[in-house]
Amino acid sequence: MAQATIHFPRGFLWGTATAAHQVEGNNTNNNWWAWEQVDGHILNGHKSGLACDWWGGRWKDDLDRAAETGQNAHRFSIEWSRIQPTPDQWDESALERYRIMLRGMLERGLAPMLTLHHFSNPLWLEDQGGWENDDTPQKFATFVRKAVEALKEYVSYWVTINEPNVYAYAAYSEGQFPPGKRNINACFHVMTNMVRGHAMAYKIIHEIQPEARVGLSMNYRSLFPATASPLDKFVARTQSAIFNDLIPMAAKDGKLRFIFKTVSIPEAANTQDFLGVNYYSRDQVSFDLTRGAALFGRMRYPKDADLSGTGFIANEPDGFHEALKWGLKFNIPMVVTENGVEDHEDRMRPRYIAQHIQQMWRAVNYNWPVKGYFHWSLVDNFEWDRGWTQRFGLWGLDVETQARIRRSSVDLYADICKENGLSSEMVAKYCPEAMSKIFPD
Ligand code: FCB
């Protein structure tokens, strides 16, 4: 058996990622909370409820666990509806809580990366049409100014918007996120407004904190044609251009290239200091005339795929390498802002982690500028429309009792963070079945 250790550059960020609505609990004043109250919206009628009770203070124990297990960074988000509960009111006590949380991260040796928008909107904003309303980018900018002024002392990595591509598709084209629309034009309009909001936020953050590092977190989906048919190839290429490229390209050159028209947003050019890459899996795409809202593409996992607990994620580490290669074209540093798998039993997670880290190491060894990795997620949390049915945590959560459950992935990830690398010994201990893939003889 090969004996080896692969290492990462000094100063590499190793952390986990969370999002306000998924962990805080009692976020009663946002669009998700309202959406969860209606039957049929969330699988099994689940509700976020107390979530991981971070607002009640349990962030402290979870971040203790993160720090004790070798992590040196944490990505989290702040909840707009807490900070600006009504259009003309700021809640200073909410900002103070986030300051305490940020100090808590720094005291534990966790470098904070702060996301300003992660899928949830204040109810008042949603009632005004959310991101379909052309005034929303400006309102977001006002919120960003307030939040950055209050928190700047503790943060130097900012994510303006998490996965604007997923948000726009899920909320406006596929309909599983609030407001549940199925209209591709609305989806494109929302993408446009999110790019505008991002560009305004970028400028404001730099005005307040010139040395800030600001980026978007993009969900990169590796999409490849199911067959050699020109139609499959065409839809795979079109879907990838819209889903993966459209928004970060606009943040590079100020142009949103929709299929039949290009929208110019000159102020969006050069508004990323780093690219946040969220990668989970890859799909085969085939042409399907009935799937207009999905640009006539049907996505499937390959037949022999290594599937997660509910079949939601296929373990496709090559797609991660492809994602990082794709990111090179933006010519800026990259940070992996999410990567993970839902796996209640923790059967696949250890190999998923080890195989993905190996692909990231290949990228780093080509001198691709990857600066850090945030595993999704620290602890099981409220998984949007899929409720509590999917468990992405290194730590499990008993939703009834709030107890945390130590999965073996906790120890694997701790070993990786402490070593700043991955060894054949770790693979032999936690996921021997992946040895020949990661450390072939
Ligand atoms: C991403 C989201 C994150 C989480 C993971 C599993 O799309 O950004 O909040 O739900 O998927």
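Ala241 has 34% relative accessibility, so this residue counts as partly exposed. On this scale, buried means under 20% relative accessible area, exposed means over 50%, and partly exposed is in between, using a 1.4 Å probe and the protein chains only. Ala241 sits in helix 10 (residues 230–253). Its C-alpha is 28 Å from that of Glu126, and the two residues are 115 apart in sequence.

Before we go on, a word about the model. This is a predicted model, where local features need pLDDT of at least 70 and side-chain atom pairs count only at pLDDT 80 or more, while totals for chains, interfaces and linings use all residues. Residues are numbered from 1 along each chain as its sequence is written, and side-chain values use heavy atoms, with hydrogens and water left out. Helices (H or I, at least four residues) and strands (E, at least two) are DSSP runs, numbered from the N terminus.

**The core**

Let's look inside. A nonpolar core is a set of buried Ala, Val, Leu, Ile, Met, Phe, Trp, Tyr and Cys residues joined through side-chain atoms within 4.5 Å. The largest one here has 123 residues, and Trp14, Ile78, Trp158, Met191, Met360 and Leu422 touch the most other members. Helix 9 (residues 184–208) gives the most to this core, with 13 residues. Another core, of 20 residues, lies apart from it and includes Ala19, Ala73, Val159 and Ala305.

Which residues does Ile78 contact, leaving aside its neighbours within four places in sequence? Contact means heavy atoms within 4.5 Å. The partners of Ile78 include Ala20, Tyr98, Leu116, Phe143 and Leu151.

**Two helices**

Helix 9 is mostly covered, with 18 of its 25 residues buried. From first C-alpha to last, helix 9 reaches 36 Å, close to the 36 Å expected at 1.5 Å a residue. The expected span is 1.5 Å times one less than the number of residues. At the N-terminal end of helix 9, Asn183 acts as a cap: a side-chain oxygen lies 2.9 Å from the backbone nitrogen of Asn185.

Helix 13 (residues 408–419) has 12 residues and spans 17 Å between its first and last C-alpha, close to the expected 16 Å. Its buried residues are Ser409, Val410, Leu412, Tyr413, Ala414, Ile416 and Cys417. An α-helix has 3.6 residues a turn, so residues three or four places apart point the same way.

Is Ser409 buried or exposed? At 0% relative accessibility, Ser409 counts as buried. Its side chain is joined to that of Asp346 by a polar contact of 2.7 Å. A polar contact is a pair of N or O atoms within 3.5 Å; within protein, one must be able to donate a hydrogen and the other to accept it, and residues adjacent in sequence count only if both atoms are side-chain atoms. Not counting residues up to four places away in sequence, Ser409 also touches Arg349, Pro350, Ile353 and Leu394.

**Around the ligand**

A residue is near a molecule if one of its heavy atoms lies within 4 Å of it. Among the residues around the ligand are Gln22, Phe119, Glu163, Tyr280, Trp376 and Trp384. Three others have a polar side-chain atom paired with an oxygen atom of the ligand, as the table shows.

| Residue | Distance to a ligand oxygen atom |
|---|---|
| His118 | 2.8 Å |
| Asn162 | 2.9 Å |
| Glu338 | 3.0 Å |

Taken alone the ligand exposes 300 Å², and the protein buries 93% of that. Such areas come from the Shrake-Rupley method with a 1.4 Å probe; for residues, only the protein chains shown count as cover.

**Backbone surprises**

Most residues other than glycine have a negative phi, and most peptide bonds are trans. Trp384 has a positive phi of about 55° although it is not a glycine. Trp384 is in the loop between strand 12 and strand 13, and at 3% relative accessibility this residue counts as buried. The loop between strand 12 (370–375) and strand 13 (395–397) also holds Ser377, which a cis peptide bond with omega of about 15° joins to Trp376.

Asn367 has a positive phi too, near 65°. With 69% relative accessibility, Asn367 counts as exposed. Finally, the peptide bond from Pro178 to Pro179 is cis, with omega near 10°, and Pro179 lies in the loop between helix 8 (164–174) and helix 9.
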